[in-house]
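Me: I am new to reading protein models. Could we go through some features step by step?

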Amino acid sequence: EPLLILIPYAAGTVLHDHALAGWWLALTQAGELEPLFPVKDWALGPFLARFRPPTRCYLAADATGLWAAIWASPWVGGAIPGLWVRPDRRRTKAALRAVEDGVGALLAEWPVLVVVTRAPARRDLYAHFGVAFSPAPIPALFDGEAVWLGWLTADTFVRRCTPAVAGVAV
């Protein structure tokens, strides 16, 4: 795998905003925008605004565009994270390393990440990394759908890969 560097998103820069707009278009065309973001963020303007400070966002790109994004927005004393990996990069060691490095960077900024998922099957996947979940979903929390809340701290985070040599550029 090539050297991995997660780049912090610099809101308001032409290059980074263009990359996010391209990602929004790709998500829209692939039908991945709706399951990943709430209705209020489906239009391009609100989508871009979602990633402006105080949200932190890390991006990974290759010759065909963004292939990974991990972000978190402050909430109470922690942050609510989100992540996406392009389909052709999913289930690869590079994707695992990008996710782990991104989570590590977010946990360096916030003591707890509050994980929100609508997909019951994802709870088992997230648990492999140390996420603990509430026993029952919260009804109607995400666009009228029930969600499970989980939490992850630096003490419970389980890495599967060695951090990238270059680490996360912050």
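Reply: Start with strand pairing. This model is predicted. Strand 7 and strand 8 run antiparallel, and two bridges join them.

Me: Which residue stands opposite Glu145 of strand 8?

Reply: Phe142 does.

Me: What links strand 7 and strand 8, and how many residues lie between them?

Reply: The two strands form a hairpin, with two residues between them. Look at Asp143 in the turn: its phi is positive, about 50°.

Me: Where can I practise on another hairpin?

Reply: Go to strand 3, residues 65-75, and strand 4, residues 78-85. These strands pair in the antiparallel sense over eight bridges. Pick out Trp71 and look across to strand 4: its bridge partner there is Gly82. Now find the turn. Two residues sit between strand 3 and strand 4, and Val76 takes a positive phi near 55°.

Me: Now salt bridges. How many does a search of the whole structure find?

Reply: Eleven. To read one, look for a side-chain nitrogen of Lys or Arg within 4 Å of a carboxyl oxygen of Asp or Glu. Take Glu109 and Arg56: their closest N and O atoms are 3.0 Å apart. Then ask where each partner sits. Glu109 belongs to helix 4, residues 93-109, while Arg56 belongs to strand 2, residues 56-62. The pair links distant parts of the chain, 53 residues apart.

Me: Are Glu109 and Arg56 buried, exposed or in between?

Reply: Use the cut-offs: buried is under 20% relative accessible area, and exposed is over 50%. Glu109 has 34%, so this residue is partly exposed. Arg56 has 26%, so Arg56 counts as partly exposed too.

Me: Which salt-bridge partner does Arg159 have at 3.9 Å?

Reply: Glu100. Arg159 lies in the segment after strand 8 (145-153) and Glu100 in helix 4, so this salt bridge ties together parts that are 59 residues apart in sequence.

Me: What about the salt bridge between Arg159 and Asp101: how far apart are the closest N and O atoms?

Reply: They are 3.1 Å apart. Here too the link spans distant parts of the chain: Asp101 is in helix 4, Arg159 is in the segment after strand 8, and 58 residues separate them.

Me: How do I describe the accessibility of these three residues?

Reply: Take them in turn. Arg159 has a relative accessible area of 32%, so Arg159 is partly exposed. Glu100 has 1%, so Glu100 is buried. Asp101 is at 3%, so Asp101 counts as buried.

Me: Which residues do salt bridges with shared partners join into one network?

Reply: Asp62, Arg86, Asp88 and Arg89. Trace them in the model.

Me: Let me try a single residue. Where is Ser134 found?

Reply: In the loop between strand 6 (132-133) and strand 7 (138-142). Next, check its accessibility. The value is 19%, so Ser134 is buried.

Me: Which residues does Ser134 touch, leaving out those up to four places away in sequence?

Reply: Trp148, Leu149 and Trp151. Then check polar atoms. A polar atom of the Ser134 side chain lies 3.2 Å from the backbone oxygen of Ala136.

Technical notes: Residues are numbered from 1 along each chain as its sequence is written. This is a predicted model: local features need pLDDT of at least 70, side-chain atom pairs count only at pLDDT 80 or more; totals for chains, interfaces and linings use all residues. Side-chain values use heavy atoms; hydrogens and water are left out. Helices (H or I, at least four residues) and strands (E, at least two) are DSSP runs, numbered from the N terminus. Buried means under 20% relative accessible area, exposed over 50%, partly exposed in between (1.4 Å probe, protein chains only). A polar contact is a pair of N or O atoms within 3.5 Å; within protein, one must be able to donate a hydrogen and the other to accept it, and residues adjacent in sequence count only if both atoms are side-chain atoms. Contact means heavy atoms within 4.5 Å. Two strands pair if DSSP finds at least two bridges between them.
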